[in-house]
Amino acid sequence: MKRTVVFGFALLMAAAVFLGCGGKDAGGQAEDSKGLIGVVMPTRSEERWNKDGNAVKEGLEKLGYTVDLQFSDDDIPTQLNQIDNMITNGVKALVIASIDGSSLGTQLENARAAGIPVISYDRLLMQSPNVDYYVSFDNYKVGRQMGQILVNGLNLDNPAKRPINLELFAGSPDDNNSVGFYQGAIDVLQPYMDSGVVAVPSGQIDRTVIGTLRWDAAEAQKRMENLLSRYYSGNVVLDGILSPYDPISLSCLEACKAVGYGSTPGKPLPVAGGQDCIVASVKSIVQGEQYATVLKDTRSLGAATVELVDKIMKGETISGLDTTSYPNGASVNGSPYIVPSLLLDSVIVTQDNVQKDVIDTGYHSREELGL
Ligand code: GAL
C-alpha cells in the first residue's frame, strides 16, 4: 500500500514537471509572477527602441512581473496583431510605443473593455480616449533645444555673415512627437528668419513639406541631395541643418560631404543638431562633424514607466502628472481628452559635455564610443 502511494506521488510529480506545472502557467508566467505586462516597441532596427524595450522589460522583471516584449518592424499590421495577442493572453497592462499613433483605435477599445490600462510610451497614442497615461519627454522643449543648437552653433545672435542658410527636416508625419519637435524649433528660429539673419533657400519650411516618413534616414538623404543640387550653386552655401533625429543628421552630412562640404575651402560641413544621442552621432560629435544632439535618457524613461506600471498595479495614486499639455484629438463628454502625462527632461550634448553627460553617466561607455 505504502509503495503504491509513493509510486502514485512520483507519477503525479513527473506529470506535473512534464506538463510544466512546476513553475509556469499557460501564459508562460512563473506562478509567483505579479502578472504579465505587454510591451510593444516600434522597431528593433533603431538603437534607441532596443534600449527602451530592454530597460522596461528588465525593470518590470526585477519587480516580479513577467514581460512580453515585442518589436513591430515598423509595420502597422504587425503591431496591431501583437497587441491583439497580448490582450488575448490576458496582459495586466500595456505599454505601447506606436508606429502610427492614430492606428490603434480598435485595439485600445478592446484593452479598455478588458480592463487593461494602457500607457502610451514616448509617442502619444492619438484619437482615442482609451489611453490612460503618457510617459515621455517634454517634446516641445526638445524642439526648442533643436533650435537652440543652431542658434549656438551658428552664432545667430552675432552672425559672421547674412543670411545664414538653413535647410529644415522634420520627423514622421504620423508621429505626434514631430509636431512638438517642429513647433519648438520653429519658435526659436522664426525671429531669426523674420529679421533676415536666417534664410531657407529652398523655401521649404512647412512641416508637411519637410517631414520624413518613418524617420527614414535614406529618404532624408535623398531630399538633402535634391536640395543641394537645386538650391546651392555658385556662392550659396548651406550653413546649417535642422534635424530631429541623429540618423537623419548623419545621412544629411553624408550628402553634403558628397558635394564637397568639409573638404573644399569656403564649404565647411554645415552645423547639424539631432536627437537620441546614438553612438554613431556621439562619435561624429567627438570628431567635430555633427555639431550636437539632444539626449533623452532612455533609462530614465524606462524607469519612470516601470514605476508607473507598478503603481497602477498596486492601485496607488500617481502624482506629478501634467494634465494640460497633451490633448490627443479624442473627446470625452464633449471635452477634449487630455492624456495625463509624465514628462522628463532632455539635455543638449556637444563636444563640451560628452564626458560629463554621456560617459560619466554611463549612457555610452568610452569603449562603445571608440575612445
Ligand atoms: C520619436 C522619438 C525620437 C526618435 C524618433 C525615431 O518618436 O521621440 O526620439 O527616436 O521617434 O525613432
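In this predicted model, 13 residues surround the ligand, and those that come nearest are Glu46, Arg48, Arg123, Asp175 and Asp276. Sorted by class, the shell around the ligand is made of 4 nonpolar, 2 polar and 7 charged residues.

Three side chains place an N or O atom at a short listed distance from an oxygen atom of the ligand, as the table sets out.

| Side chain | Distance from its polar atom to a ligand oxygen atom |
|---|---|
| Asp122 | 2.8 Å |
| Asp175 | 2.5 Å |
| Lys296 | 2.8 Å |

The ligand on its own has 300 Å² of accessible area, and the protein covers 100% of this area. The space that the ligand takes up is the largest cavity, and the elements that contribute two or more residues to the shell around the ligand are α2 (47–62) and α6 (177–194). Because domain 1 (24–131 + 298–343) and domain 2 (139–295) both give residues to this shell, the ligand lies between the two domains.

Two details of the backbone also deserve a careful look. Most residues other than glycine have a negative phi, and most peptide bonds are trans. Against that background, the peptide bond that joins Arg162 and Pro163 is cis, with an omega of about -10°, and Pro163 is found in the loop between α5 (139–153) and β6 (164–168). Asp73, which is a residue other than glycine, has a positive phi near 55°, and Asp73 is found in the loop that runs between β2 (66–71) and α3 (76–88).

Definitions and conventions
Residues are numbered from 1 along each chain as its sequence is written. This is a predicted model: local features need pLDDT of at least 70, side-chain atom pairs count only at pLDDT 80 or more; totals for chains, interfaces and linings use all residues. Side-chain values use heavy atoms; hydrogens and water are left out. A residue is near a molecule or strand if one of its heavy atoms lies within 4 Å of it. A polar contact is a pair of N or O atoms within 3.5 Å; within protein, one must be able to donate a hydrogen and the other to accept it, and residues adjacent in sequence count only if both atoms are side-chain atoms. Accessible areas come from the Shrake-Rupley method with a 1.4 Å probe; for residues, only the protein chains shown count as cover. On a 1 Å grid over the protein atoms alone, a cavity is a set of points where a 1.4 Å probe fits but cannot get out, and a pocket is an open set with protein on both sides within 12 Å along at least five of seven lines; lining residues have an atom within 4 Å of a point. A molecule sits in a cavity or pocket if more than half of its atoms lie within 2 Å of its grid points. Helices (H or I, at least four residues) and strands (E, at least two) are DSSP runs, numbered from the N terminus. Ala, Val, Leu, Ile, Met, Phe, Trp, Tyr, Cys and Pro count as nonpolar, Asp, Glu, Lys and Arg as charged, and the others, Gly among them, as polar. Domain bounds come from an automatic or database domain assignment.
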